[in-house]
Amino acid sequence: MSTPTASVAERALSKQTSKDLLFQPVKLGRYNLPHRIVMAPLTRSRARQPGNVPTLLNACYYAQRTSAALIVTEATQVSMQGQGYAWTPGIHSREQVDGWKLVTDAVHDAGGLIFLQIWHVGRISHPALQPDQMLPVAPSAIKPSGEAFIENENGEPAMVPFVTPRALQIEEMPYLVRQYTRGAKNALSAGFDGVEIHGANGYLINQFIDSSTNRRGDAYGGQIENRARLLMEVVETASEVWDSDRVGVRLSPLGTFNDVGDDHPEETFGYVARKLSDYNLAYLHVVNPAAAAVEKRAEPEPRVKRMLQLIREKYRGKLMLCGGFDHESAEAWLGQGKADLIAFGRKSIANPDLPERFRRHAPLNQDDPSTYYGGGAKGYTDYPTLAQDRGEQPKPCVDERWR
Ligand SMILES: Cc1cc2nc3c(=O)[nH]c(=O)nc-3n(C[C@H](O)[C@H](O)[C@H](O)COP(=O)(O)O)c2cc1C
């Protein structure tokens, strides 16, 4: 707010941004967020090896980004079986919990709020990443098209074709849910503020929900009530550990990433969104099916628009959207009531001070995809802030080797 002593520039800035909906506070479960800019979950494959343990370098990366109203961490496997990419962190060993404590402490010291994204990849894995080189598991034994990201015998990253996964037996399902229970409990011990259940992007929960990957004839397949059962069981177990108002869920309706698809997406995701409303969650996070159109400033296809309307209508709670947004489009979508919060992925990678850049209408750094996965500080903790551009020295990060 301007005061009599505020400079002309400050008053101009506050006037310019006073209508910005992105900067309106919002309540998310029990948390009061000062604005609506969220850091999206982003896999960076920089956990220490062996053991997939978070490090001080990871802590520094997240601490740099605490001006986001909420940080959702990179996807984090709840079990060894749940891993699908080289060097991603886990939340199933004591060492990993201790590693994550470095992260949550650094984030809290810097005044941030952080949820852990809990993850099981299902069939999007490879024996090279599985305990004892076993087959990855899935709702049904259907091989995904594409390749897995592994570490080869020389310790280098390599892409290898996916294999046909093993279909989970019904007797295993309670134990599968318990992998999430342990992950949720460990997240609590590690000092997080909540968890986001990864139900999107073609991983295990999404493989159960979508008809193309679920051909089961038991209580977890067939009608949508059954295909959504695993998600609801995971929501229930996470809510027992955390209280539901500190649990979020991420979904990707109409998504095709990782070779998934659904025959009746309106029925499927309409049901899931409505059913999730019963749990009083912190939020529902939707990977924007209109991302490509938003990015190109084009009109989304009618089916995509209908899906977004359907989710908004069926889900009675806070809705976060992510995908393709910049400052202007995020404002427009909030203004049209299509979402309550906007998460930013690639822009959060390249701009540790994204909210400040938006507030000042400052130019953004461009992300470098060649440093997304693996490596050290380069392309991770060395993107400059506006303060650095003005000559301030950044807080140094410890560039621990990740293996
Ligand atoms: C390098 C990279 C890693 C990602 N990792 C995850 C992840 O771990 N979990 C997840 O749900 N989505 C992940 N995503 C998807 C993002 O959260 C987001 O949905 C996507 O980048 C689109 O948003 P944007 O247009 O703002 O970048 C990842 C995206 C990128 C570019």
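Asp243 is partly exposed, with a relative accessible area of 43%, and in this predicted model the residue has a positive phi of about 75° although it is not a glycine. Its place in the chain is the loop that runs between helix H7 (229–242) and strand S11 (247–251). A second residue that is not a glycine, Asn258, also has a positive phi, of about 65°, and is found in the loop between S11 and helix H8 (265–276). Asn258, however, is buried, with a relative accessible area of 11%, which puts it under the 20% limit for that class. These backbone angles deserve a look because most residues other than glycine have a negative phi, and most peptide bonds are trans. On the second point, the peptide bond from Gln49 to Pro50 is cis, with omega near -5°, and Pro50 belongs to the loop between S3 and H2.

The two positive-phi residues can be set side by side as follows.

| Residue | Phi | Relative accessible area |
|---|---|---|
| Asp243 | about 75° | 43% |
| Asn258 | about 65° | 11% |

**Strand S13 and its neighbours**

Strand S13 (residues 319–322) is covered on both faces, with Leu319 and Leu321 buried on one side and Met320 and Cys322 buried on the other. This arrangement follows a general pattern, because in a regular strand the side chains alternate between the two faces of the sheet. S13 pairs in the parallel sense with strand S12 (residues 283–287), over four bridges, and within this pairing Leu284 stands opposite Leu319. S13 also pairs with strand S14 (residues 341–344), again in the parallel sense, over three bridges, and here Cys322 has Ala343 as its bridge partner. Taken with helix H11 (residues 327–335), S13 and S14 make a right-handed β-α-β unit.

**Aromatic contacts**

The model holds 15 aromatic pairs. In one of them, the rings of Tyr31 and Phe115 have their centres 6.2 Å apart and their planes at 70°, so this pair is edge-to-face. The contact links distant parts of the chain, since Tyr31 is in strand S2 (residues 31–33) and Phe115 is in strand S5 (residues 114–119), 84 residues apart, and both Tyr31 and Phe115 are buried. The rings of Tyr62 and Trp100, by contrast, have their centres 6.5 Å apart and their planes at 45°, so this pair is tilted. Because Tyr62 lies in helix H2 (residues 56–64) and Trp100 in helix H3 (residues 94–109), the pair ties together parts that are 38 residues apart in sequence. Both Tyr62 and Trp100 are buried, and they belong to one aromatic cluster that is formed by Tyr61, Tyr62, Trp100, Phe192 and Tyr380.

**An enclosed cavity**

The count of cavities of 30 Å³ or more comes to one, and the largest cavity has a volume of about 60 Å³. Its lining is made up of Ile37, Val38, Met39, Arg65, Ala68, Ser348, Asn351, Pro352, Leu354 and Pro355, which by class are seven nonpolar, two polar and one charged residues. Strand S3 (37–39) and helix H13 (354–359) each supply at least two residues of this lining, and the largest share, three residues, comes from S3.

Key:
Residues are numbered from 1 along each chain as its sequence is written. This is a predicted model: local features need pLDDT of at least 70, side-chain atom pairs count only at pLDDT 80 or more; totals for chains, interfaces and linings use all residues. Side-chain values use heavy atoms; hydrogens and water are left out. On a 1 Å grid over the protein atoms alone, a cavity is a set of points where a 1.4 Å probe fits but cannot get out, and a pocket is an open set with protein on both sides within 12 Å along at least five of seven lines; lining residues have an atom within 4 Å of a point. Grid points are joined across faces, edges and corners, and a volume is the space filled by probe spheres set on the points. Ala, Val, Leu, Ile, Met, Phe, Trp, Tyr, Cys and Pro count as nonpolar, Asp, Glu, Lys and Arg as charged, and the others, Gly among them, as polar. Buried means under 20% relative accessible area, exposed over 50%, partly exposed in between (1.4 Å probe, protein chains only). Two strands pair if DSSP finds at least two bridges between them. A crossover is right-handed if, with the strands pointing away from the viewer, the path from the first strand over the helix to the second runs clockwise. Rings of Phe, Tyr and Trp (its six-membered ring) pair if their centres lie within 6.5 Å; planes under 30 degrees apart count as stacked, over 60 as edge-to-face and the rest as tilted.
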